[in-house]
Amino acid sequence: LGADYKLVDQAARPDPAPEPAEGEEPVVPTLPAGVYNSIRHAISDGGGTIVLKPGVYEEPLLLENGEKIVSLRSARELLGDAGEDLPTSVPGEGPAEILVNSFHAVSMLGDAELVDVTVQQRGPGRWFGVLIAEGSPKLTKCDIDGATSSCVGVCGGADPVISGCKVHGSQFGNGIAVFEQGKGTVSECEIFENEHSGVDVDGEGSEVTLTGNKIRRNRGDGVLVRMQAKVTATGNEVHNNFHCGIELRDNATAEAKENDVWGNNFGVIVAKGSTAVLETNKICRNYITGVEVSRSPEATPEREPTLLKGNTIECNLESGVKVWYLGAARLDANTIQANLEEMLVTPRSRRNVTYQAPEEEAPEGAAKPKFGNNTISDAKELVAQRKAVENAARVAKAEAAMQAEEALRLDADLEGSQGGDEGEEGAVAEEPAGGGA
């Protein structure tokens with residue numbers, strides 16, 4: 001305490017001052033070394049690692065000199081041996097909470113860190129819960145619980161790492177808004193119940209990597225990428241968002257792999273000059289289309305059309321894949337099945353849609369597959385296929401049971417025959433002995 005970290009305790013009181021000697025000035029009581037009543041006092045006294053005892057801290061913060069703010073319940077793990085003199089953390093004790101009205105709750109620059117802290121922004125105006133405007137700050141295991149604008153804002157070329165956080169409850173904005181060349185990595189977060197989109201990436205130079213997040217129940221899109229921004233999304237669950245799971249528009253680009261996109265109105269939309277690489281995603285049970293591509297840019301050597309490769313697109317309530325209004329796409333080894341309409345390609349888009357050919361060429365004289373190496377089947381075909389698989393499994397199970405029963409019968413017969421042979425050998429052996437008597 002005081003050397004490796006500072007402790008903020010709103011209930012801390014100064015130690016009693018000794019009685020002054022005759023003729024001496026009274027000694028002013030002070031808090032123990034390294035203990036503070038407010039976060040701002042700890043920051044102004046050199047910053048460093050600042051541990052928060054549970055409580056509500058109603059003070060806006062500016063972190064710009066590498067400060068690390070951490071809750072008491074996570075401090076021991078973070079500090080290791082240096083935290084042996086930390087106060088005991090009581091199980092079930094409440095969080096350390098920063099609550100601010102009428103300004104950004106926490107503004108982060110440089111290499112600042114916020115660990116396991118709840119942040120709430122309330123009151124009039126349009127303010128962020130956390131605004132990251134420069135450097136490479138870190139948000140770890142935090143609960144960003146509401147803001148009058150977006151819960152988290154990233155801008156000014158900042159490149160933060162946001163991991164293990166809950167981001168929810170924005171009143172008039174997004175969960176995470178990235179703009180003005182903001183960047184960042186967002187991983188293992190829950191982003192839900194925000195007024196607009198879960199993640200909104202806007203503007204040329206803005207670029208975000210999303211990995212292993214759960215993005216659900218937002219009033220707009222799960223992920224919205226626009227105005228030449230770029231997103232790389234891998235292994236996310238994007239579901240039950242009011243408009244679209246992943247939407248690209250206005251010359252945006254995205255690479256989306258191994259995501260699970262379900263229960264949205266639209267699964268994936270690529271529109272207004274945008275392109276995407278959609279690979280090995282599962283896009284299922286959306287209420288309108290699975291994947292929709294429109295108004296694609298002209299293909300160039302530097303910019304190929306939208307690629308759909310190895311995706312499973314099934315059980316969507318309109319088209320599995322819809323390419324319309326001058327859309328362009330290349331389909332390679334997708335499974336598109338059990339949608340109300342498997343493929344819809346409008347006349348003006350047909351010449352811009354290509355299908356990867358199967359590896360094995362069709363026999364001479366045979367018609368080439370209409371959809372190349374893509375597997376496309378309607379609901380009736382899928383049900384028939386699954387019934388055939390189930391029937392084959394039942395037959396195999398019955399045959400295995402019959403074989404096991406036959407094996408048991410043969411073993412029983414073999415034991416019976418061996419027992420009879422032993423009885424006959426015994427009788428033959430006893431007969432000479434009786435005749436001798």
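In this predicted model, four bridges join strand β13, made of residues 143-147, to strand β16, made of residues 166-170, and the two strands run parallel. The pairing then continues from β16 to β19 (residues 190-192), again with the strands running parallel, through three bridges. The points below follow these strands, then turn to a sheet of 12 strands, two buried loop residues, the salt bridges and a patch on the surface.

**Strands and sheet**

- Between β13 and β16, one of the pairs that can be picked out is I144, whose bridge partner in β16 is V167; between β16 and β19, H168 has F192 as its bridge partner in β19.
- Strands of a sheet pair through backbone hydrogen bonds, and this pairing can be either parallel or antiparallel.
- An open sheet of 12 strands, with parallel pairing, follows the order β5-β8-β11-β14-β17-β20-β23-β26-β29-β32-β35-β38. Its edge strands are β5 (61-63) and β38 (341-345), each of which pairs on one side only, and from one strand to the next the twist averages 10 degrees.
- Within this order, β20 is followed by β23, and four bridges join strand β20 (residues 199-202) to strand β23 (residues 223-226), which run parallel. Across this pairing, D200 stands opposite L224 in β23.

**Two buried residues in loops**

- S197 sits in the loop between β19 and β20, and because its relative accessible area is 4%, which is under 20%, it counts as buried.
- Leaving aside neighbours within four places in sequence, S197 is in contact with N174, G175, N218, G220, D221, G222 and L224. L224 in this list is the residue of β23 that stands opposite D200.
- T289 is found in the loop between β31 (282-284) and β32 (291-294), and T289 is likewise buried, with a relative accessible area of 1%.
- When neighbours within four places in sequence are left aside, the contacts of T289 are N265, F266, G267, N316, E318, S319 and K322. T289 and C244 are 45 residues apart in sequence, and in space they are 9.7 Å apart from C-alpha to C-alpha.

**Salt bridges**

- A search of the whole structure finds 12 salt bridges; one of them joins the side chains of K53 and D9, with a distance of 3.7 Å from N to O. Because K53 lies in the loop between β3 (49-52) and β4 (55-57) and D9 in the loop between β1 (6-8) and β2 (35-36), the pair ties together parts that are 44 residues apart in sequence. K53 is partly exposed, with a relative accessible area of 23%, whereas D9 is buried, with a value of 17%.
- E190 forms a salt bridge with R216, and their closest N and O atoms are 3.3 Å apart. E190 lies in strand β19 and R216 in strand β22 (residues 214-216), so this pair ties together parts that are 26 residues apart in sequence. E190 counts as partly exposed, at 27% relative accessibility.
- In the salt bridge between K257 and E279, the closest N and O atoms are 3.8 Å apart. K257 lies in strand β27 (residues 253-257) and E279 in strand β30 (residues 275-279), so the parts tied together are 22 residues apart in sequence.
- D200, D202 and R226 are linked in a network of salt bridges.

**A patch on the surface**

- W324, Y325 and L326 form a nonpolar patch on the surface, and together they have about 260 Å² of accessible area.
- L326 lies in the loop between β35 (319-324) and β36 (329-332), and at 37% relative accessibility L326 counts as partly exposed.

Note on methods
Residues are numbered from 1 along each chain as its sequence is written. This is a predicted model: local features need pLDDT of at least 70, side-chain atom pairs count only at pLDDT 80 or more; totals for chains, interfaces and linings use all residues. Side-chain values use heavy atoms; hydrogens and water are left out. Two strands pair if DSSP finds at least two bridges between them. Axes are lines fitted to C-alpha atoms, for helices over the stretch in contact, and angles run from 0 to 180 degrees between N-to-C directions. Patches are made of residues with over 30% relative accessible area and no salt bridge: like charges are joined within 9 Å, nonpolar side chains (Val, Leu, Ile, Met, Phe, Trp, Tyr) within 5 Å. Accessible areas come from the Shrake-Rupley method with a 1.4 Å probe; for residues, only the protein chains shown count as cover. A salt bridge is a side-chain nitrogen of Lys or Arg within 4 Å of a carboxyl oxygen of Asp or Glu. Buried means under 20% relative accessible area, exposed over 50%, partly exposed in between (1.4 Å probe, protein chains only). Contact means heavy atoms within 4.5 Å.
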